[in-house]
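Morning, everyone. I have one structure to go through, and I will keep to the core, one helix and two residues that pack against it or close to it in the discussion. Please have a look at the display before I start.

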Amino acid sequence: MTENQHTGGARTSTARGGIDPFVAKLRRKDVARCAELERGLFPTDDPWPEGAFTAALDRGDFYIGAYDSADALIGYAGLAFVAKGPRAEAEVHTIAVTPEVQGGGVGKKLLRRLLDRADEERAQVFLEVRTDNEAAIALYRRHDFEVVGVRKRYYQPSGADAYTMRRPAQSAEQEGGAV
């Protein structure tokens, strides 16, 4: 795996069963669990190893975890800023939710928190998503993303295509503030 295969490549697993997780900064002790979830959720798309999550945290990227009432990690998401200032730009690196709670709004809550952080910088946001991941695409469209391109054979080794999606810069006031 190369770092570039995941930079900007949002991976999303969406879910069922409504729970209200606690969302907080991803803890270093949870990177092993993130890598375990990656292997289960994205087995044919070069799942991230622990080192990729550690490197993102070391760079200061914005990574968050969703935790259940027993303090277990049930989802995670990551955002990196590639430009700041008047032309701020961010990339969603990943969003994933454990299969047991998929469809219950955990992915939406994680995405909303990433977008709140991007809005603090008034950054436009880009991501890549598999063209066959209809649930994720619908979630992104509901949050003002639009398809701006296609990356053929983006995900490896599966060879799956990805849409590049973009959300225009917004301020926290436009979206009603932080969640």
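A polar contact, as I use the term, is a pair of N or O atoms within 3.5 Å, where within protein one atom must be able to donate a hydrogen and the other to accept it. The model is a predicted one.

By that criterion, the side chains of Tyr 76 and Glu 38 are joined by a polar contact of 2.8 Å. Tyr 76 sits in strand β3. Is it buried or exposed? Its relative accessible area is 0%, and the cut-off for buried is under 20%, so Tyr 76 counts as buried. Setting aside residues up to four places away in sequence, its contacts include Leu 26, Cys 34, Leu 37, Phe 42 and Phe 53, as well as Glu 38. Ile 95 and Leu 110 are also among the residues that Tyr 76 touches.

Those last two names come up again in the largest nonpolar core. That core has 28 residues, and Ile 95, Leu 110, Val 125, Tyr 140 and Phe 145 touch the most other members. The elements giving two or more residues to this core are β2 (62-67), β3 (73-83), β4 (89-97), α3 (106-120), β5 (124-130) and α4 (134-142). Which element gives the largest share? That is α3, with six residues. A second core, separate from this one, has 16 residues, including Trp 48, Ala 56, Tyr 63 and Leu 73.

Now to α3 itself. With 15 residues at 1.5 Å a residue, the helix should span 21 Å, and its end C-alpha atoms are 22 Å apart, so the two values agree. Eleven of the 15 residues are buried, which leaves α3 mostly covered. The buried set is not purely nonpolar: among its members are Arg 112, Asp 116, Arg 117 and Asp 119, alongside Leu 110, Leu 111, Leu 114 and Leu 115. After the helix comes Arg 122, with a positive phi near 55 degrees.

Two long-range pairs involve this helix. Tyr 76 and Gly 107 are 31 residues apart in sequence, with 8.4 Å between their C-alpha atoms. Phe 62 and Leu 114 are 52 residues apart along the chain, and their C-alpha atoms are separated by 7.8 Å.

Phe 62 belongs to strand β2. Its relative accessible area is 24%, so it is classed as partly exposed. Beyond its neighbours within four places in sequence, Phe 62 contacts Arg 113, Leu 114 and Arg 117, and also Ala 77, Gly 78 and Leu 79.

That is what I have.

Notes: Residues are numbered from 1 along each chain as its sequence is written. This is a predicted model: local features need pLDDT of at least 70, side-chain atom pairs count only at pLDDT 80 or more; totals for chains, interfaces and linings use all residues. Side-chain values use heavy atoms; hydrogens and water are left out. A nonpolar core is a set of buried Ala, Val, Leu, Ile, Met, Phe, Trp, Tyr and Cys residues joined through side-chain atoms within 4.5 Å. Buried means under 20% relative accessible area, exposed over 50%, partly exposed in between (1.4 Å probe, protein chains only). Helices (H or I, at least four residues) and strands (E, at least two) are DSSP runs, numbered from the N terminus. The expected span of a helix is 1.5 Å times one less than its number of residues. Contact means heavy atoms within 4.5 Å.
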